[in-house]
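Subject: Structure for your review

Dear colleague,

Please find the structure below, together with its sequence. A short account of what was found in it follows.

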Amino acid sequence: YTERLIERARAAFGDDFWGFWMLGGMSGGGMGFIFAPGRRREGQERLYEIMLATKRELEAALPFAMNPVVYDFAINEHGSVGALLTGAGALLPVGYYQHALPSCLRRSARELSPHERADLQQFTRAARTHPEFQASLPTLLDRLLPTAEGVDRGGDRLAALLAENGFDRAQHAQIRADLRGGRIGLAMNRLPATTKIEDVAASELFECDGEFGRSGLRPDLLDAGEAALRRGEVAVVGYAAGVGSRWTQGAGVVKGLHPFARLGGRHRSFIETHLARTRRAALACGTSIPHVFTTSHLTHAPIERWVRENAGDAWEREVWLSPGRSIGLRLVPTVRDLHFAWQETAQQKLDEQKEKMRESVRAALTGWARAAGEGADYTDNLPEQCLHPVGHWFEIPNLLKNGTLARLLAARPRLRTLIAHNIDTLGATPDAALLGWFQASGATLGWEVIPRRIEDHGGGLARVDGRLRLVEGLALPREEDEFTLTYYNTNTCWIDIDRLLALFGLTRGELADTERTAAAVRTLAARLPTYVTLKEVKKRWGHGQEDVYPVAQFEKLWGDMTALAECSSVFAVVPRIRGQQLKDQAQLDGWVRDGSAAQIEALCAW
């Protein structure tokens, strides 16, 4: 953002733009733009226009708390000063009374301190004569007797969002029944304690060494992969449905559009980097490689706008979007799950009074869950607070449900293999060597794993009761099991399209039948584990009040496909640069220092 402001200010003012400095202080900071004195007023006006236009251009990609402001500064010659007010004029600001008086008015006069009584008297007198105090009375009443009238419950809008995003009522009803019946829940996320978890030997995996597996491989695999690329048999799928809550510490922007690093001479977003990487691979094989980005209701519109503006005639020829067609409706949690979460969460032992307060809050929450109905649909909030993502298992089935795969196959009949990966896995190229290995294996799915490091959390590759499969961290019977696993799941997956369709009970020709496709997805989804989690949501009401409630939601994860006996899977160990994921901005310094950024940059054609 700052770089663009400087660039545009320099372009607008030339040599009359004298420079830029960052300003910081104990109460915040800002940016200083220095202009020739003769163009000072013009600089203030033009700079505001530049800042606002740039903010609107980037607000889906970067977190902004407010619109930019151009300040006029003056020197205060007196420092901090105060005025002594007496008698009827000794009034504090209106906001003070709006904040302090509701608690006083809820108590009897005998319980009020002399200071509180004086505040009430002062406010009452002022409200008869001062217009600003008279105007504050409705707000004071809202704080005293808050209602939810100002909150748009949005029942119609919630129903519309559910319908637009493929809400499956039959699946939801089954999950709700399972939650109420105790068949799923926080305690059931884990595999049984008797499950045998063993590490996997390197000899059981296909190992890629060198530059993404190009050295040490059989030449026939490399040649076969290159030939498949030239025939147009491969497409890339990037998961871009997330809003990067971990990446931006909860700011909720479109992670795929976040300009995360300076590559190729300027800051690039994840989506831009992936497209440049696929472009270079396409140039190397002499044909175009379609790239599909999966989206959600939170990310589709900004990503579509960016792609239309930047992809040009490559839209729906080389660059495709797969809008989300699976969404969940949050549920009121069960008391059973609330107690399990509180017992399993590591927590500090508080002093006696604080412990009583914590127990009181928990008692109130369990009372709310019983009164609202355990396992009931959570709709008593803004629609955005009632919806939830349902896990990345649905990203590939969404290609079937929304018609994207059918249109892609119609445009490219030779397409037979997909490589799907997270938006933050920047090294996952459509590599010819790995493609040759996967197509030769005859498997439905091929998975890439990397050697685990201490910072890699979330399960990995294991032998579970004798079966080689990926297992999620929250499903492991014991937390320490994760640290015995050598290989970490990158969530990069090679997919044989026809074998996957057969697993769903479909053919290429049947993808046009939306009802049959939706039923096939629902049937297979029911056979996979359903993980239940608790999330805190805020409910704002009255005039500035808010409550925080725990709500239940579910997710299904793509790695659990390896648990299906009829889904044949193979696994490859790849270099860390290929499988590394950027989950937190704190990783960026190390990512640049260890040469990873330079290696990714070398894979791209901007």
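How much area does the protein chain expose, and what share of it do carbon and sulfur atoms supply? The exposed area is about 30100 Å², and carbon and sulfur atoms supply 52% of it. Please bear in mind that this is a predicted model.

Overall dimensions and content. Along the principal axes, the C-alpha atoms of the protein chain fill a box of roughly 95 × 70 × 45 Å. The chain has 606 residues, of which 49% count as buried. Its secondary structure consists of 22 helices and 19 strands. Where contacts link residues at least 6 apart in sequence, 75% of them join residues at least 24 apart. As for charge, the chain carries 73 positive and 75 negative charges, and the mean positions of these two sets lie 2 Å apart.

A three-stranded sheet. One open sheet has the strand order β3-β14-β15, with antiparallel pairing. Its edge strands are β3 (197–198) and β15 (467–471), each of which pairs on one side only. Between β14 (residues 460–464) and β15, the antiparallel pairing runs over five bridges. Within this part of the sheet, Val464 has Arg467 of β15 as its bridge partner.

A residue in a helix. Gln98 belongs to helix α3 (residues 94–105). Gln98 counts as buried because its relative accessibility is 15%, and the cut-off for buried is under 20%. Leaving aside residues up to four places away in sequence, Gln98 touches Ser136, Thr139, Leu140 and Arg143.

With kind regards

How values were computed: Residues are numbered from 1 along each chain as its sequence is written. This is a predicted model: local features need pLDDT of at least 70, side-chain atom pairs count only at pLDDT 80 or more; totals for chains, interfaces and linings use all residues. Side-chain values use heavy atoms; hydrogens and water are left out. Helices (H or I, at least four residues) and strands (E, at least two) are DSSP runs, numbered from the N terminus. Buried means under 20% relative accessible area, exposed over 50%, partly exposed in between (1.4 Å probe, protein chains only). Contact means heavy atoms within 4.5 Å. Accessible areas come from the Shrake-Rupley method with a 1.4 Å probe; for residues, only the protein chains shown count as cover. Lys and Arg count as positive and Asp and Glu as negative; His and the chain ends are not counted. The place of a charge is taken as NZ of Lys, CZ of Arg, CG of Asp or CD of Glu. Two strands pair if DSSP finds at least two bridges between them.
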